[in-house]
Amino acid sequence: MLRTTIAGSLPKPQWLAEPEKLWAPWRLSGAELEQAQRDAVLVALKEQEAAGIDIVSDGEQFRQHFVHGFLAGVDGVDFQRRQRIGIRANRYEADCPTVTGPVRRRKPVHAEEVRFTRAHTTHALKFTLPGPMTIVDTLADEHYGDRARMAMDFARALNEEARELEALGVDFIQFDEPAFNVYLDDVETWGVEALHTAISGLRCGTAVHICYGYGIKANTDWKRTLGSEWRQYERIFPALAKSRIGQVSLECAGSRVPIGLLSLLEGKDLMVGVIDVADPAVESPEAVAATIRTALKVAPPERVFPCTNCGMVPLARDVAYEKLRALAAGAAIVRGELEKSRARKAKPARPQASPARKTAGRRKPGRRKPGRQSAARPRKAPRAKGRG
Ligand code: ZN
């Protein structure tokens with residue numbers, strides 16, 4: 001229970017790309033770059049494992065951009081024709097490749113990366129792919145003229161890729177869909193359907209990551225316009241609750257998401273963001289534990305996966321890894337509390353309990369642990385396949 005994980009990206013070492021910069025260009029090229037990326041993955045794995053993260057990722061060390069990485073192996077996308085366009089409903093501008101023809105996966109894209117990463121960790125492994133809606137929102141289009149149709153072609157390409165990665169030993173495939181928080185109507189009309197195509201036939205864990213974005217200025221400015229309560233999730237969670245996606249992520253650290261919205265995702269595993277990626281201040285383990293306890297008012301611990309709010313690539317490296325340690329330490333605090341509480345419940349209190357037994361004897365008579373009894377009881381066994 002409370003298995004920890006991360007949204008996906010981690011800072012790149014300074015020898016690989018300029019630190020604390022989104023989409024920073026590589027410092028190397030060719031075989032030197034490939035070697036450096038693999039070295040960076042080893043660092044990322046080691047740091048996650050040492051911090052105590054249960055479900056690890058490659059930290060996205062192989063890709064410069066979380067969307068464009070996958071597109072490198074897709075026909076119909078012209079990387080030479082980059083256009084500056086407004087994305088996420090014009091929240092900010094980015095130089096985006098252009099779709100110039102039908103979209104089709106030309107070759108395996110991430111297989112070698114996954115083979116390498118899988119070979120170097122015994123932990124459960126997550127791999128992130130961009131979601132279909134976010135892909136079409138991060139491209140200029142000169143071919144389809146219809147975002148839903150274009151998204152379905154990308155979804156088919158993603159599905160081919162995802163099946164291959166599953167066969168290579170990935171335990172969780174996560175689709176990153178920050179665009180879900182922007183195009184709320186589209187989520188219901190075609191966004192979830194495109195995700196279903198992307199996960200079709202998968203038996204590993206599946207997840208969708210929805211967020212309020214990296215901690216960059218355009219996003220923090222946008223968040224200021226969202227009012228005292230962020231209710232975007234309210235519009236899209238009902239459609240996700242009905243979907244076949246296994247896990248849904250949501251930002252809970254330093255956000256104005258009303259915690260009650262989690263109850264709209266009944267039956268789903270929740271990746272609960274307990275680390276604020278927009279704030280360089282490192283959370284204390286106790287602050288992380290407090291956020292987890294809030295989530296546990298709505299969902300049982302088997303369904304809660306403490307996580308970062310979003311990717312950490314723009315953060316300073318030492319800050320990011322300190323935050324991972326806080327994440328794992330906070331989860332450990334709550335896990336300890338739950339284990340104690342379950343042990344107490346499993347062993348009915350006897351009036352003449354021996355005072356020498358330290359483990360069960362701590363509870364003061366008459367003091368009852370607050371919180372709902374039912375919250376600690378899993379509705380079903382956790383689906384996650386662990387490796388480590
Ligand atoms: Zn995110």
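The following exercises, each with a worked solution, concern a predicted model of a single chain.

**Exercise 1. Establish what share of the chain's residues counts as buried, and how far apart in sequence its contacting residues lie.**

The chain contains eleven helices and ten strands. Of its 388 residues, 46% count as buried. Turning to contacts between residues at least 6 apart in sequence, one finds that 79% join residues at least 24 apart.

**Exercise 2. Test whether the end-to-end distance of helix α10 agrees with its number of residues, and state what its buried residues pack against.**

Begin with the extent of the helix: α10 covers residues 317–346, which is 30 residues. The expected span is 1.5 Å times one less than the number of residues, and for α10 this comes to 44 Å. The C-alpha atoms at the two ends of α10 are 43 Å apart, which agrees with that expectation.

Next, list the buried positions, among them Ala320, Lys323, Leu324, Leu327, Ala331, Val334 and Leu338. An α-helix has 3.6 residues a turn, so residues three or four places apart point the same way. Finally, the partners of the buried residues of α10 are α1, β9 (269–275), α9 (285–295) and β10 (304–308).

**Exercise 3. Describe how β3 is paired with β2 and with β5, giving the sense of each pairing and a bridge partner in each.**

Take β2 first: it pairs with β3 in the antiparallel sense, over nine bridges, and Gln83 stands opposite Cys96 in β3. These two strands form a hairpin with four residues between them, and in that turn Arg88 has a positive phi of about 50°.

Then consider β5 (residues 140–141), which runs parallel to β3 and is joined to β3 by two bridges. Here the bridge partner of Thr98 is Ala140, in β5.

**Exercise 4. Leu2 and Asn90 both have a positive phi without being glycine; locate each residue and decide whether it is buried or exposed.**

For Leu2, phi is about 50°, and the residue is found in the segment before α1 (30–51). A residue is buried if 20 or more other C-beta atoms lie within 10 Å of its own; Leu2 has 22 such neighbours and therefore counts as buried.

For Asn90, phi is near 65°, and its place is in the loop between β2 (74–87) and β3 (92–105). The cut-off for an exposed residue is 12 or fewer other C-beta atoms within 10 Å; Asn90 has 9, and is therefore exposed.

Conventions
Residues numbered from 1 in each chain as written. Predicted model: local features only at pLDDT ≥ 70, side-chain atom pairs only at ≥ 80, totals over all residues. Contact = placed C-beta atoms within 7 Å. Pairing = 2+ DSSP bridges.
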